[in-house]
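Hi,

Here's the structure I said I'd pass along. Have a look at it first, and my notes on the cross-links and charged pairs follow below.

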Amino acid sequence: MGICGLLGCGDETSAGSETAGNSSTTEVGTTTGEPATTGAVPTTSPTTTGIDSSTEGATGTTTGAPTTGGEPVCGDGNLDAGEACDDGEGNGPGQACKADCTSNVCGDGDLGPGEACDNGIDNGPGDACTGECAANVCGDGVVGPGEGCDDGNQVDDDECTNACATIACGDGIVSAEEVCDDGNADDTDACTQACTAATCGDGFVQPGVGEACDAAAENSDHGMCTSMCQAAKCGDGFVWNSDGGTEACDEGANNGTGKTCKGDCTLNVCGDGDPGPGEGCDDGNLDAGDGCSPLCQSEGCGNGIVDPGEGCDDGADGDQNDGCTDLCQPPKCGDGFQQDGEACDAGANNSDSGACTLQCAAATCGDGLVWANMEACDNGPANGNDKACKADCTNNVCGDGFVGPGETCDDGNQNNNDGCTNACKPASCGDGFPQPGEECDDGNQSNTDACLVTCKAAKCGDGQAQAGVEECDDGNASNTDACLTSCKAAKCGDGQVQAGVEACDDGNVVGGDGCSAGCALEVNMVCQNPVLLTQADRNAKFNDGGATLRCDLANWNNPGPNDWIGPNLWYRFTGAAGTKMPTSPPPEYSCGTHAPGWMQGTYPTIQDGIVNRTVCYYWTGNTCLWSNQIQVVNCGSYYVFNLPNVAANCWLRYCGAD
């Protein structure tokens, strides 16, 4: 538009001004002044006409001109110079045009039309309000305030849950890296706070599995809590000599009087008054000359004379392998002297839990004795990598790569999605870990949730009623029983006739249309507009020896016309076909078929309403070789018949009679 167009140079006509962002046109009057003499100033200044001002983002702005001689005013509804918009009284916070006649846009800090939020310069990725003035919510794929993550999907057991929290032990969701997760802080149940299965050595006492204590890595057969998670005590076979323990020995059931280890788990030593192994006597002191020497041998040993209490006496010649030791006793294991045939002999320190056993053999894996602090177990010949105690005398546990008792596999890894799970069971349906080929696996035995025990996703028609989703599920394709193929319970008005329950079902619960609101047939309605059976070859008098063949069976390929059009409709015999069905058997080949159908019994009265009757079919000399049920109604001047498919494959037909 040119300058004159903007200033209205000498134009005395009214100009139309189009509102910015609005298709409506507003008439703006133009004031025209009469000129005075040459060079004189007009008495009235012309008003600017037709100014077109459009501002991007502004809606509902008004284009106008200031009053003659006045200053532009924001809020007068006129779009003046320097204004992006002006909606008059419609200006203000939260409106398309703000109070200062600037457009309300995303990022200005003012919540405008179409904006879910607007925090001004605080809008942006990761903030509560995005750069598009949309609220940052969990599931939008953008990590917002209060969210630990946001992967924008609905998978709850990946690295980010549906609550936008990173997967973590204790959230109640078992991730691929966890053996279990019960979502509680109880370390004494089957699943610890570290999401590992409860086991001896995990540092938590689980009374339910018989643990009396558990000091984790501090468990020790020499400590307060044994490697079997039992409180150390004298007589348990473990030497408790640390963590405050004062036991010098512990041979379990072998503790006692005269034994290497006494009943109070102290070593049997010379001078304690208890003659132990290798002692010839023990008078409770270490005095000499009282008959029992300070070595707890009968005094006189070494004199070359076998005194009472001596087994021998070779003069204590220092040779322990000559048949008589310096203790004046024949050599034996436990005397503290290593003789031929002995691997060791620590005397009173021999122990079946030590380096030298009570048989004077060096402790070794496979000897059937548990060497304290060296072996976790030892079942002797029963050791094996497939046994409870492996060949290296370590316990066979799930995850060690050896299939032990109670395990059906052990691949030595922590992957639940391969052929062997972390429970050392072969991957199978019901183990709670979906494997390739399984649609799902929730690890339970319920067929009423979303995953069946066959590891197939629940769906309508699988024969299992899914709780909260399906009303029923009988697993068949029948719509005539109590459960429809849509897994809805059959009811009157669903359009499906429930066998044995409903006489009809027209898909509504409105009476007066042939089927009542209770799905019962309405006699007055079935008499109206029945299907007419009129063919002469249907009459019982028609018999051409089988040359004409028709069959009243749905989808049967009849070689000629047939006036029966489908099952379970109401029919009326009329015209050449007769007026009703015969009540005695017509001859074979009558009625244009092989086996003619006739009705047993009498016809009902009007008051009888709808009655059931049997139709028999005459063939091979049997007047009722096949039969089926029909319904009959007396309509006053005629009868109508509800005729299903005939009783057998063809050829069979319903006969008419005069």
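One cut-off before the rest: a residue is called buried when its relative accessible area is under 20%, exposed when over 50%, and partly exposed in between. Keep in mind, too, that this is a predicted model.

That cut-off comes in handy straight away with the disulfide that joins C492 to C519, S to S 2.0 Å. C519 has a relative accessible area of 2%, so C519 is buried. C492, on the other hand, comes out at 25% and is therefore partly exposed. The torsion about their S-S bond is 100°, a right-handed link. Both cysteines sit in the loop between β2 and α2, 27 residues apart.

Disulfides are quite a theme here: the structure holds 32 of them. Two others I looked at are in that loop as well.

- C180 and C191 are joined with an S to S distance of 2.1 Å. The S-S torsion is about 95°, so this disulfide is right-handed. C180 and C191 both lie in the loop between β2 (25-28) and α2 (523-526), so the bond ties together parts 11 residues apart in sequence. C180 is buried at 15%, and C191 is buried at 5%.
- C377 and C389 also have their sulfur atoms 2.1 Å apart. Their torsion is about 90°, which means right-handed again. This pair, in the loop between β2 and α2, spans 12 residues. Both C377 and C389 are buried.

Now for the charges. There are 8 salt bridges in the structure, and one group caught my eye: D537, R538, D552, D563 and R653 are linked in a network of salt bridges.

Which partners does R538 have? One is D552, with the closest N and O atoms 2.9 Å apart. The two residues are both in the loop between β3 and β4, 14 residues apart, and both are buried. Another is D563, at 2.7 Å from N to O. D563 is in the loop between β3 and β4 too, 25 residues from R538, and D563 is buried as well.

Elsewhere in the network, the side chains of D537 and R653 meet at 3.2 Å, N to O. D537 is in the loop between β3 (531-533) and β4 (569-573) while R653 is in strand β9 (residues 652-654), so this salt bridge ties together parts 116 residues apart in sequence. D537 has 13% relative accessibility and so counts as buried; R653, at 0%, is buried too.

Cheers

How values were computed. Residues numbered from 1 in each chain as written. Predicted model: local features only at pLDDT ≥ 70, side-chain atom pairs only at ≥ 80, totals over all residues. Heavy atoms only, no water. Salt bridge = Lys/Arg side-chain N within 4 Å of Asp/Glu carboxyl O. Helix = DSSP H or I, 4+ residues; strand = E, 2+ residues; numbered from the N terminus. Buried < 20%, exposed > 50% of the residue type's maximum accessible area, 1.4 Å probe, protein only. Disulfide = S-S within 2.5 Å.
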